[in-house]
Amino acid sequence: MAETKQAERRATRLAKEIRAFSAQHGGSEGHLAHIGRAGTRIVLVGTDGGWGDLVAPTYEIARQAAEKAGLTLHEEFDGEFAAKVVTGPYEWTRMAGIQIGGPSDR
């Protein structure tokens, strides 16, 4: 029972963060991605192209948080959904890293 209440509180806190992201970005959509023992990543993409993520300890908590926040979920992070993400110079240099002369992590 205590574990259920703890999961409910975690889902509620994540839902609050999702709603705050949505408010800042004119709305948002999301995708849930299992990341192994670390849990489930809630990938958020704002209407303005801004993006971010949150991590929930389990898929079920992530799903509950998305539901509480009214987040539209995509089954896949496909081309159409990914095309909504707006990236800038920082992301390009971090993603490309050494390949195109971006900053290295060394």
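# Exercises on a predicted protein chain

The protein chain has four helices and four strands. Here helices (H or I, at least four residues) and strands (E, at least two) are DSSP runs, numbered from the N terminus. The model is predicted: local features need pLDDT of at least 70, side-chain atom pairs count only at pLDDT 80 or more, and totals for chains, interfaces and linings use all residues. Residues are numbered from 1 along each chain as its sequence is written, and side-chain values use heavy atoms, with hydrogens and water left out.

## Exercise 1: The overall layout

Task: Give the order of the elements from the N terminus on, then describe the burial, contacts and surface of the protein chain.

Solution.

Step 1. Read from the N terminus. The order is α-β-β-β-α-β-α-α.

Step 2. Turn to burial. Buried means under 20% relative accessible area, exposed over 50%, and partly exposed in between (1.4 Å probe, protein chains only). The protein chain has 106 residues, and 32% of them count as buried.

Step 3. Take the contacts, meaning heavy atoms within 4.5 Å. Look at those with a separation of 6 or more: residues 24 or more positions apart account for 52% of them.

Step 4. Add the surface. The accessible surface is about 7,100 Å², and carbon and sulfur atoms hold 53% of it. Such areas come from the Shrake-Rupley method with a 1.4 Å probe; for residues, only the protein chains shown count as cover.

## Exercise 2: Strands 1, 2 and 3

Task: Find how strand 2 pairs with strand 1 and with strand 3.

Solution.

Step 1. Fix the rule. Two strands pair if DSSP finds at least two bridges between them.

Step 2. Start with strand 1 and strand 2. They run antiparallel and are joined by seven bridges. One example is L32, whose bridge partner in strand 2 is I42.

Step 3. Inspect their hairpin. Five residues lie between the strands, and G36 takes a positive phi near 80°.

Step 4. Move on to strand 3. Strand 2 pairs with strand 3 over six bridges, also in the antiparallel sense. I42 appears again, with L54 as its bridge partner in strand 3.

Step 5. Inspect this second hairpin. Four residues lie between the strands, and G49 has a positive phi near 95°.

Step 6. Check the cover. Six of the seven residues of strand 2 are buried, so the strand is mostly covered.

## Exercise 3: The buried face of helix 2

Task: List the buried residues of helix 2 and say where they sit around its axis.

Solution.

Step 1. Pick out the buried residues. They are I61, A62, A65, A66 and A69.

Step 2. Look down the axis. The buried residues fall within an arc of 135°, so they line one face of the helix. The arc is that of the directions from the helix axis to the C-beta atoms.

Step 3. Name the cover. It includes helix 1, strand 1, strand 2 (40-46), strand 3 (51-56) and strand 4 (72-74).

Step 4. Step past the end. Just after helix 2, G70 takes a positive phi of about 75°.

## Exercise 4: Salt bridges

Task: Count the salt bridges, then place the pairs of K68, K84 and R63.

Solution.

Step 1. State the rule. A salt bridge is a side-chain nitrogen of Lys or Arg within 4 Å of a carboxyl oxygen of Asp or Glu. By this rule there are five salt bridges.

Step 2. Take K68 and E8. Their closest N and O atoms are 2.5 Å apart. K68 lies in helix 2 (residues 59-69) and E8 in helix 1 (residues 2-24), so the pair ties together parts that are 60 residues apart in sequence. K68 is partly exposed at 37% relative accessibility, and E8 is partly exposed at 36%.

Step 3. Take K84 and E29. Their closest N and O atoms are 2.7 Å apart. K84 sits in the loop between helix 3 (79-82) and helix 4 (89-96), and E29 in strand 1 (residues 28-34); the pair links distant parts of the chain, 55 residues apart. K84 is partly exposed, with a relative accessible area of 37%.

Step 4. Take R63 and E67. Their closest N and O atoms are 3.0 Å apart. Both residues lie in helix 2, four residues apart, about one turn of the helix. R63 is partly exposed at 28%, whereas E67 is exposed at 58%. Salt bridges that share partners join E60, R63 and E67 into one network.
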